[in-house]
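Here's a quick tour of how this assembly is put together, from helix packing through sheets to the contacts between parts. Have the viewer open while you read.

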Amino acid sequence: MTRTKRKLDSENVLKLLMDNKAIIILLILVAVVSSLTGDFFTSRNLTNIMRQICTSCTLALGFTLVLSAGMIDLSVGYMLGMIGIVTAMMSVNGVNGVIVVITALVLGGFCGFINAFVTSLFDLAPFIVTLAMGMVYQGINLLLCNSKSISGLPKWYVFFGTGKILGIPFPVIVMVTVVIIMMIVVGKTKFGRYALACGGNVKAARVCGIPTQKIMYTVYIITGVCVGLAALLLTGRTASAQTGAGAGMEMDAVAAVVIGGTPMGGGKANVFGTLIGCLLIQVISNSLNLLGVDSNWQKIAKGLVIIAAIILDKQGEKLLNKIRVHKVQ
Amino acid sequence: MHAVIGENGAGKSTLMNIILGDLPMDEGELIFKGEKVNFKSPADAIAAGISMIHQEITLVPTLTVAENIWLHRENQFMSGFMISDKKRNQETRKLLHDKLKIDLHPDELVSALTVAQCQLVELARAVSCNSDVIIMDEPTSSLADKEVDILFNIIKKLRDKNVAILFITHKIEELLSISDRVSVYRDGNYIGTRDCKDTSHAELINMIIGRELTDQYPKIEYNIRDTILEIKNLNGKTYKNVSFKVKKGEIVGFSGLVGAGRSEIMRGIFGIDKIESGEIEVEGKAVQVHSPQDAVALGMAMVTEDRRDFGIIKTASVKDNMSIAALRNFCSKSGFVKKGEEKKAVDEMIDEISVKVANANMLITSLSGGNQQKAIIGRWLMTSPKLLILDEPTRGIDVGAKSEIYSIIGELAKQGMAIIVVSSEMSEILGICNRIYVVRNGEIVFECKKEEANQTLLGTHALG
């Protein structure tokens, strides 16, 4: 009796560790870095980190939904760049702020719709479709910008990136709001449950009478809207829009989401974990900065941490299975 | 030439895999050419001179015929570091044209071949290993009659060249026409061997089925009322002119061999696959079913044959798996899941059909197969369906869970639910259904009431 009880506990503890591995890695990292340098725990540095993750986190939140629903969207990086450029151009030409914001969200949603439409209409792999769409957006960016950056944004636009409400940076407010909304959508709504079911087993989900096509469209559109939001935050922070903006962010998003505990294969979502994953990646860069490490090494470190996180995930899962099998026997 | 015959799951393929070394044997010995052998892997067996043609085609579609035949054995065609296509094609031509009289070009891509031609390539590959024994696992199951003739001609030629052939099949007619001897297996047991010229169709059927009905089936009170589902002239890729009726309170069985098209018919009705033509009437009204979503809206439910691919959602808990189909009943208008109601309903269903689970939040994969199946049945019962389709509901499930599932089915029928059971186990069909259809080659060939049915009757019609 005590034997089974102890094993039951070891399973639960391991599961808890696995679900929160990003937090654990983060805490260890923070402990190490703060012991090496006193600059880490300054309020300026911490605010800085928070501010920097807002864009990538908002983007990664949309990505969490796509991945957990068993799909992928590799176009988000250049899509972000494109939305940034379009909205920057509009605002420089004096278009009303409300309209610009709406345009950003609608354009993002529309891009998501296109991804879903092309994928479902011709029954293609989303990996390739979204990769190609990303290239299309990259081309559009170059055409629009003509390799010059668009600057001189109005004040209200810059506010999105740098403004504060009650002393809290505006982007942080946006990010936290999106985290909460996404947690509710994934955890508490019918749509969220359906999306996870599609991610877990799309064939079974269809047999259950779930409108899998509709779910797919909705998932991509929501992701697009998140990208629109992220574009506003990034463009506002840099106070300009360039062709290169957003490039490669899809890969950071994948990394953050997976480290956060949402599996590549879908079926599960850990929204809070995505926030932690983003933090982790940013803290790595930041601490290496503080320690004066060359920025090229930072990339290498990032890559290695991601691989380590995934190895941990796999090994933990194996161990968990072993414990379960043991228990059954 | 020796044929091996038996029902699905009688252990034929397993036995062959053991001979080949793909699966380990528990005990016993294998004597080959007078010597005791024990193959550790199929490669050992091939080296010793036994090769096998599997039920599924195992060719690489993007390679040519010649490449496939000599795959992994290219050494003999090496000239330097390169494979000489010329030498290989010559050898292939010798093999195909001279030895086997198969009319295939060595350079043809396998993806361009028909299923029958692929079978011939597989056969050629087996022959090219210079095997003394060739095992064929249901080579004719996907072939048309004419193609079967071609295959048999080649097999006869091989037999004349002193190659022993072990031939697994379901089809009594064809084995009587070609084989010398036949062995029958049932439920993993060896039943007997006969000389083909001394045996008869009827004797073999008796040997194959021969099982007595056990009392694992509950006594079912049928409470039959008006027709709920009527199918008229349904046509699809693998079935044609299917018409039948199901009444409320009935348990209708669909018997037949694997691959007869029973599952495909049900998948068509439920909207999983497209139907080509035909009418579906639910409660007297013609309806269109384009997707399972439509079917569910019409009050249908279907437990699919393939639990892993089309049933469980591996990443989700027992609760989420069970509530998913009926989730809209537990949602507010704005789309929020009312978790309290959901949990209560799931717990009630778990009790009702006695799914053995410590906690509904456990992953569904932590349950045994039988309990997973019960959970999936529970998933559909939560939608309060009028018609429940069960495709092989007890496949791969232990005896205890089986009889529990039968009791559930009986109880549902008593309450007036219409139930369709597709099963390859004849005893199961005979045990619980009050009316039975037999499907062969995509057509309904026979219909009878429970009282008239027996294993021989169903078996005869299923085997044709």
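At what angle do helix H7 (residues 155-162) of chain A and helix H11 (residues 212-238) of chain A pack, and how many Å apart are their axes?

## Helix pairs in chain A

Bear in mind that this is a predicted model. In it, H7(A) and H11(A) pack at an angle of about 105°, and their axes sit 6 Å apart. Anything from 65 to 115 degrees counts as roughly perpendicular, so that's the label for H7(A) against H11(A). On the H7(A) side, the contact is made by A:Tyr157, A:Val158, A:Phe159, A:Phe160, A:Gly161 and A:Thr162. H11(A) answers with A:Leu232, A:Leu233, A:Thr235, A:Gly236, A:Arg237 and A:Thr238. Sorted by class, the contact of H7(A) with H11(A) has six nonpolar, five polar and one charged residues.

Now for another pair: helix H4 (residues 76-92) of chain A packs with helix H12 (residues 249-259) of chain A at about 130°, with 6 Å between the axes. That angle makes H4(A) oblique to H12(A). Here A:Val76, A:Gly77 and A:Leu80 of H4(A) meet A:Met249, A:Glu250 and A:Ala253 of H12(A). The class split for the contact of H4(A) with H12(A) is four nonpolar, one polar and one charged.

## Chain B overall

Moving to chain B, you'll find 17 helices and 20 strands. Its radius of gyration is 25 Å, close to the 23 Å that the globule rule gives for 464 residues, so chain B is as compact as a globular protein of that length. If you want box dimensions, the C-alpha trace of chain B spans about 75 × 55 × 50 Å along its principal axes.

The domain assignment cuts chain B into domain 1 (2-209) and domain 2 (227-463). Their C-alpha centres lie 36 Å apart. Where the two touch, domain 1 of chain B puts in eight residues and domain 2 of chain B puts in ten residues. On the domain 1 side, the largest share comes from helix H8 (residues 201-209) of chain B, with three residues. That domain 1 side divides into four nonpolar, three polar and one charged.

## Sheets and a hairpin in chain B

One open sheet has four strands, in the order E12-E11-E14-E15 (chain B), with antiparallel pairing. Strand E12 (242-247) and strand E15 (285-287) of chain B are at the edges with a single partner strand each, so one side of each has no neighbour in the sheet. On average, neighbouring strands of this sheet are turned by 20° against each other, direction ignored. Inside it, strand E11 (residues 227-235) of chain B and strand E14 (residues 277-282) of chain B pair over five bridges. There, B:Glu230 stands opposite B:Glu281 in E14(B).

A second open sheet has six strands, ordered E16-E17-E18-E13-E19-E20 (chain B), and its pairing is mixed. Strand E16 (300-303) and strand E20 (443-449) of chain B are its edges, each with a single partner strand, so one side of each is left without a neighbour in the sheet. Strand E13 (residues 251-256) of chain B and strand E19 (residues 435-440) of chain B run parallel, joined by five bridges. B:Val252 has B:Arg435 in E19(B) as its bridge partner. Helix H17 (residues 455-463) of chain B lies across E13, E19 and E20 of chain B, at about 25° to E19(B).

There's a hairpin to look at too: strand E9 (residues 181-186) of chain B and strand E10 (residues 189-195) of chain B run antiparallel, joined by six bridges. B:Val184 stands opposite B:Gly192 in E10(B). Two residues sit between E9(B) and E10(B), and B:Asp187 in the turn has a positive phi of about 50°.

## Where the chains meet

How many residues does each chain bring to the contact? Chain B brings 24 residues and chain A brings 20 residues. Helix H10 (292-297) and helix H11 (307-310) of chain B each supply at least two residues of the chain B side. H10(B) gives the most to that side, with three residues. By class, the side of chain B that touches chain A has 14 nonpolar, six polar and four charged residues.

How values were computed: Residues are numbered from 1 along each chain as its sequence is written. Chains are lettered from A and ligands numbered from 1 in the order in which they are written. This is a predicted model: local features need pLDDT of at least 70, side-chain atom pairs count only at pLDDT 80 or more; totals for chains, interfaces and linings use all residues. Two residues are in contact if their C-beta atoms, placed from the backbone, lie within 7 Å. Ala, Val, Leu, Ile, Met, Phe, Trp, Tyr, Cys and Pro count as nonpolar, Asp, Glu, Lys and Arg as charged, and the others, Gly among them, as polar. Domain bounds come from an automatic or database domain assignment. Axes are lines fitted to C-alpha atoms, for helices over the stretch in contact, and angles run from 0 to 180 degrees between N-to-C directions. Angles under 35 degrees count as roughly parallel, over 145 as roughly antiparallel, 65 to 115 as roughly perpendicular and the rest as oblique. Two strands pair if DSSP finds at least two bridges between them. The radius of gyration is taken over C-alpha atoms; the globule rule is 2.2 Å times the number of residues to the power 0.38.
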